[in-house]
2 protein chains.
Amino acid sequence: MGGVAGRTARAIEVKPLPRPATLADVAREAGTSASTASRALSGRGYVSPGARARLIAAAERLAYVPNASARTLKQRTSRVVGVVVSDLGNLFYAGLAAGIEQTLREARYQMIVLSDNSDTAQEIAGIRTFLAMRSAGVIITPVGPEPARLLSRHGVPVVEVDRQLADAPCDAVLVDNERGAGDAVGHLLALGHRRVALLVAETNWTSDAGRLLGYRTAHAEAGVAVDERLILPIRFHAPDAEPRIARLLDEEEPTAIFAANNELAEHAWRVLQRRGLELPRDLSLVAFDDVPWMSLVDPAITVVAQPVVEMGRRAAALLLRRTDSPISPPRVECLQPTLVVRGSTGAPPSRTAESA
Amino acid sequence: MGGVAGRTARAIEVKPLPRPATLADVAREAGTSASTASRALSGRGYVSPGARARLIAAAERLAYVPNASARTLKQRTSRVVGVVVSDLGNLFYAGLAAGIEQTLREARYQMIVLSDNSDTAQEIAGIRTFLAMRSAGVIITPVGPEPARLLSRHGVPVVEVDRQLADAPCDAVLVDNERGAGDAVGHLLALGHRRVALLVAETNWTSDAGRLLGYRTAHAEAGVAVDERLILPIRFHAPDAEPRIARLLDEEEPTAIFAANNELAEHAWRVLQRRGLELPRDLSLVAFDDVPWMSLVDPAITVVAQPVVEMGRRAAALLLRRTDSPISPPRVECLQPTLVVRGSTGAPPSRTAESA
DNA sequence: CTGTTAGCGCTTTCAG
DNA sequence: CTGAAAGCGCTAACAG
């Protein structure tokens, strides 16, 4: 019926509807019912080749875009996976997102990223958004325990990445922070350093706790006592980070610095640079997490490199696995970081001048 | 009715429903109709204080999360704004996203970011996702003209950022590329350089075209002829970028390099570093776009800084404006970049040795 | 101030 | 292989 009119007058009847075309419009245009159109365009269910072809053509002609809300409402779940990271401006998180996206895309899921600025309120708001969207799952670098609780209460799969903050068992992808930090600090101690400053984020995160632990373990193994005054906890984006690092340098006279994340390493580097210190002659520096600038500066920074993109991929894989088998036991994957020795570490300065 | 049962048995009846709570569940729990519940929880329409309180409590108790799909389906639009950028791993785009997010949040919109890897197919897929979600609008750093066409055909507001690729008038936020590049190259020419290499992305983007134009304009103004062999177009993520830059150095012997984006600047820097060249004694370097590493290296890089975050904010503001008045004429905002002279630029090496 | 009613666009039985 | 019918969860008239 409508099909005939459509065909004869096609050329002039390409009036773009004021509202987006619906499946019913497409069906009418092709002379079928909406159900058939649904089957043809979504690809599941029997449709005769002829009908399918006409429907596809009609959809094309009307610039039909399926309404995701209607579909999600009906199916009660969507093919969207939510990702919440702390700071998209930090390449660590950007790398994670890249890895996640890669694996998700292969499985025909859509990733949606939100950045929460390490703020619990924003984090929870993000989770609620994903809950509201009926996401198939959520991958998160958590700042508190609530996300996992909230999500699992609603039956939505969660994977924690980089740190574990859930208060119940939960899939997670971690890096061996203790070993990474241990390697880094062990390297410094082996070079003869005895006063190694630790710059660490002031959080209750397992990542930072692990790095602190590694710092202590390395000291214990080397038989060196830890001077607690060398440990400086600094909040993210703290405006006084650099002055505090400078003060630590003055007051505690470390011969080496271990910066437990890339942001702190950047602060440390700026302080050292401003003082005109020459590395590693005057001071050694090691960073946890390798980001591009660290190999751009001179000397290049010795780092503990994390397999960031791989972490993202694994997290996505864990999530997909759980989507298939919701009740399998929680799995925690722990990847190994790698110490990459570059130019910023060397033997400590001899103390001859001072002891004279 | 149900209200009584609910109240008496509350303590033991906190059985989490197998399916997420719906508005109807909340209404039943509070002894009202769904409409009243809707009014109370969404905050629009008259509701008696008592009913409101009971509803809010009930919603809390049932851990009610509104179903975004149902709402969007009903209202035929969502409070989501889609953002498509070329590469979230590049701090330029991350900064843009941060600015957009900021302004959108204030207006109580939700930002959703997608990265398209400068790939047209991925870009279009992203647009379709946003179309399917009935986004309130889309902000994009376009790689082709299709997105704007597709979106405006569906009546969805679009804002292009960083470059204009739409084939019809469209809101946009740009930076004055020609002036920025002109300032940079003018600075080099004023220092006495006569062979300035240009590393530029191999695209048909207005951003790169503008920077190339600025390069030419500066030469013209200084009365210096452009040697076309000094212009090297390089695709994004080209694996042979560094060898090609190295070859340019050998064959054309420029005394300065102008890298038209941060990625190319990084490649150039690595090449110079590997050769042990000392800046600015042996060669000068200027970059378009200021990212953190550029002030971390020694000497710090002279740059044309873009107001990245502000660009994001403006883009979001333009989008919101258009949401209010869909038919106002397209507006294009052009922000001014700033030349920041640092240590990587100086007078060209004297050619005495060579001429001897 | 509140409830009834209708329907957003899609998918999914279930008959034919 | 196809269509009719029902309903996902929510909101917007419109009566009361």
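How many nonpolar, polar and charged residues does the surface near DNA strand D have? In this predicted model, that surface has 10 nonpolar, 12 polar and six charged residues.

**The surfaces near the DNA strands**

Around DNA strand D there are 28 residues, of which Ser35(A), Ser48(A), Thr22(B), Leu23(B) and Ala70(B) come nearest. Two or more residues of this surface come from each of α3 (34-42) and α5 (68-75) of chain A, and likewise from each of α2 (23-30), α3 (34-42) and α5 (68-75) of chain B. The element that gives the most is α5(B), with five residues.

DNA strand C is surrounded by 30 residues, and the closest are Thr22(A), Leu23(A), Ser35(A), Ala70(A) and Ser48(B). Here the elements that give two or more residues are α2 (23-30), α3 and α5 of chain A, together with α3 and α5 of chain B.

**The contact between the chains**

Chain A and chain B each give 39 residues to their contact. On the side of chain B that touches chain A, two or more residues come from each of α5, α6 (91-106), β2 (110-115), α7 (120-132) and α12 (262-274) of chain B, and α6(B) gives the most, with six residues.

The table sets out the classes of residue for the three surfaces.

| Surface | Nonpolar | Polar | Charged |
|---|---|---|---|
| near DNA strand D | 10 residues | 12 residues | six residues |
| near DNA strand C | 11 residues | 12 residues | seven residues |
| side of chain B that touches chain A | 23 residues | 10 residues | six residues |

**The domains of chain A**

Chain A is divided into domain 1 (17-66), domain 2 (74-175 + 308-335) and domain 3 (177-307 + 339-355). Taken over C-alpha atoms, the centres of domain 1 and domain 3 of chain A are separated by 62 Å.

Technical notes. Residues are numbered from 1 along each chain as its sequence is written. Chains are lettered from A and ligands numbered from 1 in the order in which they are written. This is a predicted model: local features need pLDDT of at least 70, side-chain atom pairs count only at pLDDT 80 or more; totals for chains, interfaces and linings use all residues. A residue is near a molecule or strand if its C-beta atom, placed from the backbone, lies within 6 Å of it. Helices (H or I, at least four residues) and strands (E, at least two) are DSSP runs, numbered from the N terminus. Ala, Val, Leu, Ile, Met, Phe, Trp, Tyr, Cys and Pro count as nonpolar, Asp, Glu, Lys and Arg as charged, and the others, Gly among them, as polar. Domain bounds come from an automatic or database domain assignment. Two residues are in contact if their C-beta atoms, placed from the backbone, lie within 7 Å.
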